[in-house]
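Biologist: Before I accept any label on this model, I would like to hear the criterion behind it. Could we go through the assignments together?

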Amino acid sequence: MARTGRPLVRTLAVLVAVGAFVIGGPGVPRADAAGTACSGRLVKTVKFATGELRVYKNRQYACAVTLATAPGPRRAMSVSVQARGGRAAVDRGAFTRQAGPVTVHALHRYVRASGAVAGRGVSTGWFLC
């Protein structure tokens with residue numbers, strides 16, 4: 001029996017792999033070396049007395065994280081991000097270094113974010129990201 005199906009299967013497998021790479025791209029690199037776990041580009045940083053709020057944009061999503069200025073003992077921290085017309089994604093609790101990341105779908109939508117560390121915080125208000 002001739003094996004005519006094997007080259008066809010290999011060719012299809014290669015085409016599917018190449019197509020997935022072209023459509024999906026090689027991926028988005030990490031946002032920064034600090035390991036915030038948000039991908040994409042940094043679009044807004046807001047500093048406050050006890051930390052800073054960072055907002056990132058990745059294709060269709062917005063991601064936010066709150067970082068403590070001086071990591072140390074556990075303390076109350078929170079972060080939230082909301083796309084206009086959607087529900088807010090929130091992470092709050094007792095953390096040593098960061099709250100978040102939290103992500104929402106934000107394709108062509110205004111977003112707002114807020115973050116707090118040890119009772120002090122900040123909010124961005126609505127902005128297009």
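The exchange below takes the labels in turn and sets values against definitions.

Modeller: This is a predicted model, in which local features need pLDDT of at least 70 and side-chain atom pairs count only at pLDDT 80 or more, while totals for chains, interfaces and linings use all residues. Residues are numbered from 1 along each chain as its sequence is written, and side-chain values use heavy atoms, with hydrogens and water left out.

Biologist: What makes Cys 38 and Cys 63 a disulfide?

Modeller: The term requires a pair of cysteine sulfur atoms within 2.5 Å. The sulfur atoms of Cys 38 and Cys 63 are 1.9 Å apart, and the pair is therefore assigned as a disulfide. The count by this rule is one disulfide, and the link is left-handed, with -65° about the S-S bond. Cys 38 lies in the loop between helix H1 (5–24) and strand S1 (41–48), and Cys 63 in strand S3 (residues 61–68), so the bond ties together parts that are 25 residues apart in sequence. Helices (H or I, at least four residues) and strands (E, at least two) are DSSP runs, numbered from the N terminus.

Biologist: Why is Arg 59 called exposed, and what are Cys 38 and Cys 63 by that scale, buried or exposed?

Modeller: Buried means under 20% relative accessible area and exposed over 50%, with partly exposed in between (1.4 Å probe, protein chains only). Arg 59 has a relative accessible area of 55%, so it falls in the exposed class. His 108, at 72% relative accessibility, is exposed as well. Both Cys 38 and Cys 63, on the other hand, are buried. Arg 59 sits in the loop between strand S2 (51–58) and S3, with a positive phi near 50° although the residue is not glycine; His 108, in the loop between S6 and S7, has a positive phi near 55° and is likewise a residue other than glycine.

Biologist: How do you know that a charge lies over the ring of Phe 127?

Modeller: The criterion is NZ of Lys or CZ of Arg within 6 Å of the ring centre and within 35 degrees of the ring normal. Lys 44 lies over the face of Phe 127 at 4.9 Å from the ring centre, and Arg 84 lies over the face of Tyr 110 at 5.4 Å from the ring centre.

Biologist: What makes S3 and S6 a strand pair?

Modeller: Two strands pair if DSSP finds at least two bridges between them. S3 and S6 have six bridges in the antiparallel sense, so the condition is met. Thr 66, for example, stands opposite Ala 99 in S6. The open sheet has four strands in the order S1-S2-S3-S6, with antiparallel pairing. S1 and strand S6 (98–105) are at the edges with a single partner strand each, so one side of each has no neighbour in the sheet.

Biologist: Why is strand S4 described as largely enclosed, and which strands pair with S4?

Modeller: Seven of the nine residues of S4 (residues 75–83) are buried, so the strand is largely enclosed by the rest of the structure. S4 pairs antiparallel with strand S5 (residues 89–95) over seven bridges, and seven bridges also join S4 to strand S7 (residues 110–117), again antiparallel. Met 77 stands opposite Gly 93 in S5, whereas Ser 80 stands opposite Ser 114 in S7.
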